[in-house]
Amino acid sequence: MFEGSIVALVTPFRDGEIDFDQLDELVEFHVGAGTNGIVPCGTTGESATLSHEEHEAVIERVVRKVDGRVPVIAGTGSNSTAESLRLTGYAKKVGADGALLITPYYNKPTQEGLYRHYEAIANAIDIPIVLYNVPSRTGVNLLPDTAIRLAELKNIVAIKEASGSLDQATEILRSSDLVVLSGEETMTLPLMALGASGVISVAANLVPKEIVDMVDLMAEGDLQGARDIHMRLFPLFKVLFIETNPIPVKTAMSIVGLVRPEFRLPMCEMSPANLRTLERILDDLGMGRAV
């Protein structure tokens, strides 16, 4: 169920509140572009700045708007196991197809602590779970042995791998049945060459059809076709992380007219120099400012 190009959806704001009408439009934009799945309330969705009520409301709204057309994998991770349990239970209640659970951040659990965190959620809530390993953001690395051990739990089905290590992904692919999804666009092609099934993508917020095409071509064995798209979009992949995600992608989306350039502190607008770099790359791709 979890394969292809899955968008890590931004959360649009208007005057400090969630813009649910814009959220509906983004869902339709992605379904129309052929996106294979939608992740609301992940890191790209600024989940850390959403209240518990807002978090639940965004998940419910996306599930309702998608209406079964593509899988919805709700971001329900937290550095508190109890909070993750509550959010994951809510995602199941409102009909999400799966839950994306980031490794608990800041408190830096041991590998045994990580195992017990995920085990507690998997045992309590019968929903497909996607592990999310992004040590650059969380301060803790979910090591392959732990991921392989977690794969023995029946509803832990996939991992979003954003460690930047091909070795880690290879070990997981060799020794488990977990579906591996790239968490970094620049790593998608090499990971798929090893057997990964797709990507949970930030760039798909801007260029959903191109990411779908790239992943589909790679899955079909058309390396040259996939590589051509990768090479064309590579500058975009890089510039979207020139500052902390989702600042660049939301800024880029505002430039092309998809969302307002609004963040919640501590996220803020891009520096002028980085904004000029982003604008230049968008212009090179024929994605200049909307009139």
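## Asn205, a buried residue

At 0% relative accessibility, Asn205 counts as buried, because anything under 20% relative accessible area falls in that class. Keep in mind as you look around that this is a predicted model. You will find Asn205 in the loop between β10 (residues 198-201) and α9 (residues 208-219).

What does the side chain of Asn205 meet there? One polar atom of the Asn205 side chain lies 2.8 Å from the backbone oxygen of Ala8. The backbone nitrogen of Val10 also has a polar atom of this side chain at 3.3 Å. Leaving aside neighbours within four places in sequence, the residues in contact with Asn205 include Val7, Leu9, Phe29, His30 and Thr44. Val249, Met253 and Leu258 are on that contact list too.

## Met253, a partner in helix α11

Let us follow one of those contacts. Met253 sits in helix α11, which covers residues 247-255. Is Met253 buried or exposed? Its relative accessible area is 0%, so Met253 is buried.

Which residues does Met253 touch, once those up to four places away in sequence are set aside? They are Val10, Leu26, Asn205, Leu206, Leu258 and Val259. For a sense of distance, try finding Leu150 as well: Met253 and Leu150 are 103 residues apart in sequence, and their C-alpha atoms are 37 Å apart in space.

## Thr35, in the loop before β4

Thr35 is another residue to look up, in the loop between α1 (residues 20-33) and β4. With a relative accessible area of 3%, Thr35 is buried. Not counting residues up to four places away in sequence, Thr35 touches Ser5, Ile6, Val7, His30, Val70, Pro208 and Val212. Two of these names may ring a bell: Val7 and His30 are also in contact with Asn205.

## Backbone details to spot

Where can you find cis peptide bonds? One joins Asn245 and Pro246, with omega about 10°. Pro246 belongs to the loop between α10 (residues 223-239) and α11. Another cis bond runs from Leu265 to Pro266, with omega near 15°, and Pro266 is in the loop between α11 and α12 (residues 272-284).

Now turn to phi. Cys41 is not a glycine, yet its phi is positive, at about 65°. Tyr106, which is not a glycine either, has a positive phi of about 70°. Cys41 is in the loop between β4 (residues 37-39) and α2 (residues 52-66), while Tyr106 is in the loop between β6 (residues 98-102) and α4 (residues 111-124). At 3% relative accessibility Cys41 counts as buried, whereas Tyr106 is exposed, with a relative accessible area of 73%.

## The two largest pockets

The largest pocket has a volume of about 470 Å³. How many residues line the largest pocket? There are 26, and the closest to its centre are Thr43, Ser47, Ala48, Ile102 and Tyr105. The elements α2, α3 (residues 81-93), β6 and α5 (residues 135-138) each give two or more residues to this lining. By class, the lining of the largest pocket holds eleven nonpolar, twelve polar and three charged residues.

The second largest pocket contains about 390 Å³ of space. Its lining is made of 21 residues, with Val134, Ser136, Gly183, Glu184 and Phe241 nearest the centre. Here the elements giving two or more residues are α5 and α10, and α5 gives the most, with three. This second lining divides into seven nonpolar, eight polar and six charged residues.

## The whole chain

Finally, step back and take in the full picture. The protein chain has twelve helices and ten strands. Its C-alpha atoms fill a box of roughly 50 × 45 × 35 Å along the principal axes.

Why can the chain be compared with a compact globule? For 291 residues, such a globule would have a radius of gyration near 19 Å, and the value for this chain is 18 Å, which agrees. Of the 291 residues, 55% count as buried. Among contacts between residues at least 6 apart in sequence, 69% join residues at least 24 apart. The contact between Asn205 and Val10, for instance, is easy to look up in the structure.

Key: Residues are numbered from 1 along each chain as its sequence is written. This is a predicted model: local features need pLDDT of at least 70, side-chain atom pairs count only at pLDDT 80 or more; totals for chains, interfaces and linings use all residues. Side-chain values use heavy atoms; hydrogens and water are left out. Helices (H or I, at least four residues) and strands (E, at least two) are DSSP runs, numbered from the N terminus. Buried means under 20% relative accessible area, exposed over 50%, partly exposed in between (1.4 Å probe, protein chains only). Contact means heavy atoms within 4.5 Å. A polar contact is a pair of N or O atoms within 3.5 Å; within protein, one must be able to donate a hydrogen and the other to accept it, and residues adjacent in sequence count only if both atoms are side-chain atoms. On a 1 Å grid over the protein atoms alone, a cavity is a set of points where a 1.4 Å probe fits but cannot get out, and a pocket is an open set with protein on both sides within 12 Å along at least five of seven lines; lining residues have an atom within 4 Å of a point. Grid points are joined across faces, edges and corners, and a volume is the space filled by probe spheres set on the points. Ala, Val, Leu, Ile, Met, Phe, Trp, Tyr, Cys and Pro count as nonpolar, Asp, Glu, Lys and Arg as charged, and the others, Gly among them, as polar. The radius of gyration is taken over C-alpha atoms; the globule rule is 2.2 Å times the number of residues to the power 0.38.
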